[in-house]
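Visitor: Got a minute to go through this one with me? I'd like to talk about how the chains meet and where the empty space is.

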Amino acid sequence: MLWGYDGWFWAAVLLGALSFLVCAVQAVRGRRPDDWTQGSVLLLEAFLLVYAVGTVVMHVLGPGPTGSALEYWGYLLTALLIPAGTFVWSLVERSSWSNWVLAAAGPVVAIMVYRMNFIWYYQ
Amino acid sequence: MTHESPENGPTRLQQRFGPRTGTVRSDRKSAGFGRLVVVVYAVFSLSAGVRSLYQILTGFGTAPLPYLLSAFAAAVYVVATVALARPGPRWHRLATAAVGVELLGVLGVGLLSVLVPELFPEASVWSHFGQDYGYVPLVLPVVGLAWLRRSRPRGGRAPA
């Protein structure tokens with residue numbers, strides 16, 4: 001726990017920031033989505049899948065969230081849709097605007113994990 | 001805006017998962033920057049929809065007005081998302097109507113929540129002009145209307 005948030009949160013912030021930077025730089029350069037930008041959101045998706053498995057394990061072994069489990073899972077399922085959705089989008093729209101769409105996934109995922117951290121520990 | 005492949009990075013993911021032929025039918029409204037607008041609306045449809053569903057399922061009795069307004073807001077976002085993504089002048093008109101309702105909603109509900117706060121014991125998407133969502137609900141319809149104006153269909157009517 002660093003400044004009140006756990007390793008999951010900081011990992012999400014790191015991955016989200018990296019993904020945002022890669023996608024934003026490529027978008028500013030006018031590039032179309034490529035393996036770097038599309039791969040960065042797939043990495044976010046993989047992280048969220050591990051996060052979901054971790055959540056199930058922590059539910060089974062521990063007391064679960066202090067806040068509403070329903071709300072927590074609502075956030076988690078929504079978060080899981082976001083990188084996947086932007087990836088599908090970038091397959092269809094082949095312009096540099098798609099890199100901005102991909103860039104949005106990182107910060108959104110970090111905010112969702114922040115909300116889940118809050119529900120888990122403090123609500 | 002679109003650059004050809006030499007300056008682009010490897011696209012193995014695109015080749016593996018991308019569509020095989022052609023492009024999806026769309027018009028000016030839903031291409032380029034419009035894609036970004038559609039995505040932001042889709043994210044809001046999803047988050048407002050999930051949140052209002054959760055609110056209505058868990059505590060409808062405590063605050064029926066804000067929860068109903070949240071559900072209405074979610075429905076408006078869904079209509080706007082679909083209309084923005086579809087081609088043609090009719091979808092353009094529907095998108096303009098939905099985004100207009102959204103602007104009136106966020107202004108009306110925002111004002112009401114400031115003037116008559118006792119009506120809003122719980123927050124809705126639009127209360128306090130979308131404060132809970134970083135005021136994006138207030139900015140979004142303005143951006144949306146500006147974009148719809150720029151991308152209005154040509155032909156039929158002469159451009160103003």
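**Cavity, pocket and interface**

Guide: The lining of the largest cavity splits into 7 nonpolar, 3 polar and 1 charged residues. Keep in mind that this is a predicted model.

Visitor: How many cavities of 30 Å³ or more does the search find?

Guide: Searching the whole structure turns up 1. The largest cavity holds about 70 Å³ of space.

Visitor: Which residues line the largest cavity?

Guide: The lining consists of A:Asp6, A:Trp8, A:Tyr51, A:Gly54, A:Thr55, A:Met58, A:Tyr72, A:Met116, A:Asn117, A:Trp120 and A:Tyr121. H2 and H4 of chain A each contribute at least two residues to that lining.

Visitor: Pockets next. What volume does the largest pocket have?

Guide: About 1400 Å³. Helices H3 and H4 of chain A, together with helix H2 (33-59) of chain B, are the elements giving two or more residues to its lining.

Visitor: Which of them gives the most to that lining?

Guide: H2(B), with 15 residues.

Visitor: And which residues lie nearest the pocket's centre?

Guide: A:Val108, A:Met112, B:Val43, B:Ser47 and B:Tyr133, out of 44 lining residues. By class, the pocket lining has 31 nonpolar, 8 polar and 5 charged residues.

Visitor: Switching to the interface. How many residues of each chain are in contact?

Guide: 28 residues of chain A are in contact with 28 residues of chain B. The two chains bury about 2600 Å² between them, and 65% of that is on carbon and sulfur atoms.

Visitor: Which three residues supply the most of chain A's buried area?

Guide: A:Arg32, A:Asp35 and A:Trp97. They supply 25% of the area that chain A buries against chain B, more than any other three residues.

Visitor: What about salt bridges across the interface of chain A and chain B?

Guide: The rule finds 2. One of them pairs A:Asp35 with B:Arg12, with the closest N and O atoms 3.5 Å apart. A:Asp35 is also among the three residues that lead chain A's buried area.

Visitor: How many residue pairs are in polar contact there?

Guide: 8 pairs, both residues at pLDDT 80 or more.

Visitor: Which helices make up chain A's side?

Guide: Helix H2 (35-61), helix H3 (69-92) and helix H4 (97-121) of chain A each supply at least two residues of the side that touches chain B. H3(A) gives the most, with 10 residues.

Visitor: How does that side divide by class?

Guide: Into 12 nonpolar, 9 polar and 7 charged residues.

Technical notes
Residues numbered from 1 in each chain as written. Chains lettered and ligands numbered in written order. Predicted model: local features only at pLDDT ≥ 70, side-chain atom pairs only at ≥ 80, totals over all residues. Heavy atoms only, no water. Contact = heavy atoms within 4.5 Å. Buried area = accessible area lost by both parts, 1.4 Å probe. Salt bridge = Lys/Arg side-chain N within 4 Å of Asp/Glu carboxyl O. Polar contact = N/O pair within 3.5 Å; in protein donor to acceptor, adjacent residues only side chain to side chain. Helix = DSSP H or I, 4+ residues; strand = E, 2+ residues; numbered from the N terminus. Nonpolar A, V, L, I, M, F, W, Y, C, P; charged D, E, K, R; others polar. 1 Å grid on protein atoms, 1.4 Å probe; cavity = no way out; pocket = protein on both sides within 12 Å on 5 of 7 lines; lining within 4 Å. Points joined across faces, edges and corners; volume = space filled by probe spheres on them.
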